[in-house]
Amino acid sequence: MAGFRRTVLLEVATELFSRQGYHAVGIDDIGAAAGVTGPAVYRHFQNKDAILRELCNTAMTELLAGARRAAQAGDAEHILSALISVHAGFGSRHRRLVAVYVREHRALSPIALRALRRRQHDYEAIWSGALRQMRSDLNAAEAAGVVTAVLSLINAAAHMPAELDDTAVERLLSTGAAAVLLARPADIDSAAG
């Protein structure tokens, strides 16, 4: 029962943080929305920061595990395709969690934020490494820039219209990400001219 209650509290916190913002939501709000008193939340989480930390870590754990699996997909093109699939699939299924992660992770305590940033760096390095294998026209900084742009694009899942189902969102994100990753300067110049 404790595991179930903890899961409910995390789901409720995700919903509230995504709609109202981390700073606008209190422990009492989370408890009330979960059907418990605010103090009962403290049986499961030390404080509100611990809830946010768990939400961010859950997202990064799933993405990093998927990226590590994707890195075994063979050549760079297959790795990038698998990475896109992992992140776009996650984003489409967990739009509210992506919204919380993207907007609110900076509210973490300094220690938690440093730990999360190390994991983000590891995640992005998998993308950049595969991209540089495939795109010899990019130096390290350019590859990192492209990866940043692609991840921002995929994280736009948080802002997709509610009328779009998960499959449509995943397709849109995947198509956009592939177009950005694979675009070469000659492709961009010919499209612009």
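The legends below describe an overall view and several close-ups of one predicted protein model.

Residues are numbered from 1 along each chain as its sequence is written, and side-chain values use heavy atoms, with hydrogens and water left out. Because the model is predicted, local features need pLDDT of at least 70 and side-chain atom pairs count only at pLDDT 80 or more, whereas totals for chains, interfaces and linings use all residues.

**Figure 1. Overall view of the protein, with 10 helices and 0 strands.** Read from the N terminus, the elements run α-α-α-α-α-α-α-α-α-α. Helices (H or I, at least four residues) and strands (E, at least two) are DSSP runs, numbered from the N terminus. The C-alpha trace spans about 60 × 35 × 25 Å along its principal axes. Of the 193 residues, 42% are buried; buried means under 20% relative accessible area, exposed over 50%, and partly exposed in between, with a 1.4 Å probe and protein chains only. The accessible surface comes to about 10,000 Å², and 55% of this surface belongs to carbon and sulfur atoms. Accessible areas come from the Shrake-Rupley method with a 1.4 Å probe, and for residues only the protein chains shown count as cover. Among contacts (heavy atoms within 4.5 Å) with a separation of 6 or more, 68% are between residues 24 or more positions apart. The protein carries 21 positive and 20 negative side chains, and the centres of the two sets are 7 Å apart. Lys and Arg count as positive and Asp and Glu as negative, while His and the chain ends are not counted. The place of a charge is taken as NZ of Lys, CZ of Arg, CG of Asp or CD of Glu.

**Figure 2. Close-up of helix H6 and Arg-95.** Helix H6 covers residues 95–104 and includes Arg-95. Because 7 of its 10 residues are buried, H6 is largely enclosed by the rest of the structure. The buried residues are Arg-95, Leu-97, Val-98, Ala-99, Val-100, Tyr-101 and Glu-104. Arg-95 has a relative accessibility of 16%, so it counts as buried. A polar atom of the Arg-95 side chain lies 3.4 Å from the backbone oxygen of Pro-161. Leaving out residues up to four places away in sequence, Arg-95 touches Ala-157, Ala-158, Met-160, Pro-161, Ala-162, Leu-164, Asp-165, Asp-166 and Val-169.

**Figure 3. Close-up of Glu-104 in helix H6.** Glu-104 counts as buried, at 9% relative accessibility. A polar atom of the Glu-104 side chain lies 3.3 Å from the backbone nitrogen of Tyr-22. Apart from neighbours within four places in sequence, Glu-104 is in contact with Phe-17, Gly-21, Tyr-22, Leu-52 and Ala-99.

**Figure 4. Close-up of residues 26–45, listed by UniProt as "DNA-binding region" in an unreviewed entry.** UniProt positions are given in the numbering used here, feature names are shortened, and annotations may be inferred rather than shown by experiment. The span is 60% helix and 0% strand, and its end C-alpha atoms lie 13 Å apart. Gly-35 sits in the loop between helix H2 (27–34) and H3. Gly-35 is exposed, with a relative accessible area of 64%. Between the C-alpha atoms of Gly-35 and Leu-80, which are 45 residues apart along the chain, the separation is 43 Å.

**Figure 5. Close-up of Phe-45, in the loop between helix H3 (38–41) and helix H4 (48–70).** Phe-45 is buried, with a relative accessible area of 3%. Not counting residues up to four places away in sequence, Phe-45 touches Arg-6, Leu-9, Leu-10, Ala-50, Ile-51 and Glu-54. The C-alpha atoms of Phe-45 and Leu-9 are separated by 9.4 Å, although the two residues are 36 residues apart along the chain.

**Figure 6. Close-up of Arg-68 in helix H4.** Arg-68 counts as partly exposed, at 47% relative accessibility. With residues up to four places away in sequence left out, Arg-68 touches Asp-122 and Ile-126. Arg-68 and Leu-97 are 29 residues apart in sequence, and their C-alpha atoms are 21 Å apart in space.

**Figure 7. Close-up of Ser-174 in helix H9 (residues 166–182).** Ser-174 touches Ile-84 and Ala-88, not counting residues up to four places away in sequence. Ser-174 and Val-86 are 88 residues apart along the chain, and their C-alpha atoms are separated by 9.6 Å.

Key
Polar contact = N/O pair within 3.5 Å; in protein donor to acceptor, adjacent residues only side chain to side chain.
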